[in-house]
Amino acid sequence: MPTAPSSLAPRVPSVPVAELRCAAALAALALSAFLLFSAPILLARAALPGLGGSPAVWSVALVLLQAALLGGQLYGLAATRWLAGRRALLLHLALMGAALLVLPPHRPAALARLPAEGEAPWLLGLLAVAAGPPLLALAANGLLLQGWLSGADHPRARDPAPLAAASHGGAFAALLAYPVLIEPLVSLRAQEWAWTAGFCLLAPLIAAAAWSAAGTPPARAPAPPPAPAKRPVPLTGAALAGFVALAFVPAAFLVAVTTRLCAELATAPLVFLPPLALHLLTFVTAFRDSAVRVARWLAPLQVGGTALAILGLVVDLGLAANLVLGLGLVLVNASLCHTTLYRARPETAHLTVYAVCIALGGLLGSAAGALLAPALFPAGQDYPLLLGAALLGRPGLLDGARAARARGFGEAALVCALLALLILAGCALLGLAAPRLLIGLGLCGLLALSWASPRLAALSGIGALLALAGPAPAPPGAAGESLRSFSGIHRIAASPDGGTRLLWHESRPQGAMRLRREDGTPATGEPAPLLAYAPDGPVGAAIRGIRAARGGDLGDVVVVGLGAGSLACAARPREAWTFLESDPVLLRIARDPARFRFLAACAPTMPVVVGDPRLSLADRPADLGLILIDTAASGPFPIHLLTREALRLAVSKLDRTGVLLIHLAHPHLDPGAVLAGIGAEFGLSAWALGAPGAAPTLLALVRDPAHLGPWGGRARPGGALLRDTVPSDTLQGDALLRDASPRGTWAGNPWPGPPEAGGPGWRRVPADPGRRPWTDDHADLLGALRARPGG
């Protein structure tokens, strides 16, 4: 007769109970990862409207995510090492309960007003207070559950592969589902409450998965046969620094590329989530033995992509090429750096320190890109620096270095000499005098020849670093001052012949001022606006027509977007103009007569309100004759100013004959049909200034087309419109900046002049019932991209 089991022996759970426990653990990990990676998206989406739609908002949210990952790992290690199983579980459940005090994740009220400087650290602190505790708890769930389940009497409980798969699956589900399903179908407020409900569901899942396991000691495996004593190899400081650096570079490069893509299009989940998803994918593909074989195929792609990226710093490659190139380099560079990181992994005794170094490198890389780069690299030199640094993380760089060092440097010297001869020959035959272009082409050729040699590729990367990180990647011939703010990079530069000073935001112009007349004498007196703001340009002509329709007086006018202050000279003495600007750096530029004289010469006392344009507009009286939204032609597309909620506010501030004018000269997006649909909801008709078949330069929302002026609603034949956003390398001099001639051109695009001079008039823009209106919760960027001619 068998004896009864001792009451002191641990109870062995039945197979169904163990299966349920493992299933609960997998569900908890998947939900934790989903919530962890969706929280920064919610926070960024809630903060973007009040912070000018700046790409830096998402960069700061990435820093918060990396900080949560590192903090969760340290907290999980401390809890499992210094507390018994159930005590650690109770502590963790208490932390999750305390985190409910700051839920749901929301936009803090302090975001209503930006500080004058230090916006990124200020935003990071606010977001950390708003969502730091729940993110810390979520980030620790993986390590804690794996530790607790390691003692469960079930074969799968000690296998980390299913747990890792559940965690990665939840993260990818958040990044892929948000722009496709969640954002289009669920309001932002409903998303916040659904997030809170998911967080509340986690506590019973974790308790069900870990309570019994946390109360039992880990199961002991059969003792292996004794082996000779072997002391673990200690980790050196150089090895630890290498782990951090190999995680630092891909994280910093992710921030740099995401910022560039958002500046090209708009700060929206459809733009900033794909790079993060590709970066996360490399943690799945690179940390395995087969990744070393894949790296051989990725190496030439990295070299070729880097060569194209160097070329893209001096010439415009186009939107499609920039998107493919940016996303591809994020994937390839992170894959190669993480493969090298995997090959350098230490023995099992040091894997905990190894994991902490990886998390620390990710945090430092994100923080460097979001917080330090704007201060250290005002002209955006961090991008070429990281291009060169990523080449240094290529696997095999140090393999056999001593044996092949002489051969590698000999190859480099030979190739550099040949390229120098080719460059000199090209200068002699073609008469080229653009050093940045020649340097870029030379480095591209060097990289193309070095793909098979990690050492030569590394030298090429250092060459790219030295050659392109010093001078700013600015428009050709536009060597000048660069200032970097929370909203992006502003460059003040002169045209190649020195006759005109221009203000650029990223790669698109915001204003221009003539320095010399055509006869070479200095331009004195009141400066005349140039580009679209010239009296015969599209904005100038539209303002003149609207003024004529109101009897020669616009009354109170609000202009959203200051730029160089060009429109200050369009005001008349009896009119009260006010600028609304979210970037304090632009205000300093526009008010400095040594840079631009529009405000100083034309309207030294004109008020400029710095802050969230929507909040500032809400404070204005409701009797405006004209509201001009002039931020869509430069920088990230201002979706937050063109939503149903924003336009409802703007329309409510207009008087009976007031006009809402939107400057839409964006190179890639045309939301004209969407804005026409929103205007129809408020009883307004939409009219575009431009030739039939061309993307509109201006869009007006009016109650009566007669309010647009004598030519309101009458289309005239004409050529293509002047565009404010063109490849900057086509700028060649004052001949392309005609501010007086109605038949002048700028950047090769003919502007046939205002309607009274025979140019195109206003044409009706019908609302498209198949297009959803843009709201604060969702905006269809793809539709606006396809609507642009050639999009």
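Which residues do ring pairs link into a cluster? In this predicted model, select F283, F287 and Y342, which are joined in this way. Keep Y342 in view and add R345, which is placed over the face of the Y342 ring, 3.9 Å from the ring centre. A second arginine to display is R260, found over the face of Y383 at 4.0 Å from the centre of that ring.

A search of the whole structure yields 8 aromatic pairs. Select W195 and F199: their ring centres are 5.8 Å apart and their planes meet at 10°, so this pair is stacked. Both residues belong to helix α6 (residues 188-214), where they are 4 residues apart, about one turn of the helix. W195 and F199 are each buried. Proceed to F596 and F598, another stacked pair, with 6.5 Å from centre to centre and 15° between the planes; these two residues are buried as well.

Next, display the open sheet, in which 8 strands follow the order β7-β6-β5-β8-β9-β11-β10-β14 with mixed pairing. At its edges are β7 (608-610) and β14 (762-764); each has a single partner strand, so one side of each lacks a neighbour in the sheet. From one strand to the next, the twist averages 20°.

Within the sheet, select β5 (residues 556-560) and β6 (residues 576-581), parallel strands joined by 5 bridges. V559 has F579 of β6 as its bridge partner.

Finally, add the helices that pack on the sheet. Helix α20 (residues 644-652) touches β8 (624-629), β9 (654-663) and β11 (698-702), and its direction makes about 140° with that of β9. Helix α21 (residues 672-681) touches β9, β10 (685-689) and β11, and its direction makes about 10° with that of β11.

Key. Residues numbered from 1 in each chain as written. Predicted model: local features only at pLDDT ≥ 70, side-chain atom pairs only at ≥ 80, totals over all residues. Heavy atoms only, no water. Phe/Tyr/Trp six-rings, centres within 6.5 Å; stacked < 30°, edge-to-face > 60°. Helix = DSSP H or I, 4+ residues; strand = E, 2+ residues; numbered from the N terminus. Buried < 20%, exposed > 50% of the residue type's maximum accessible area, 1.4 Å probe, protein only. Lys NZ or Arg CZ within 6 Å of the ring centre and 35° of its normal. Pairing = 2+ DSSP bridges. Axes fitted to C-alpha atoms, helices over the stretch in contact; angles between N-to-C directions. Contact = heavy atoms within 4.5 Å.
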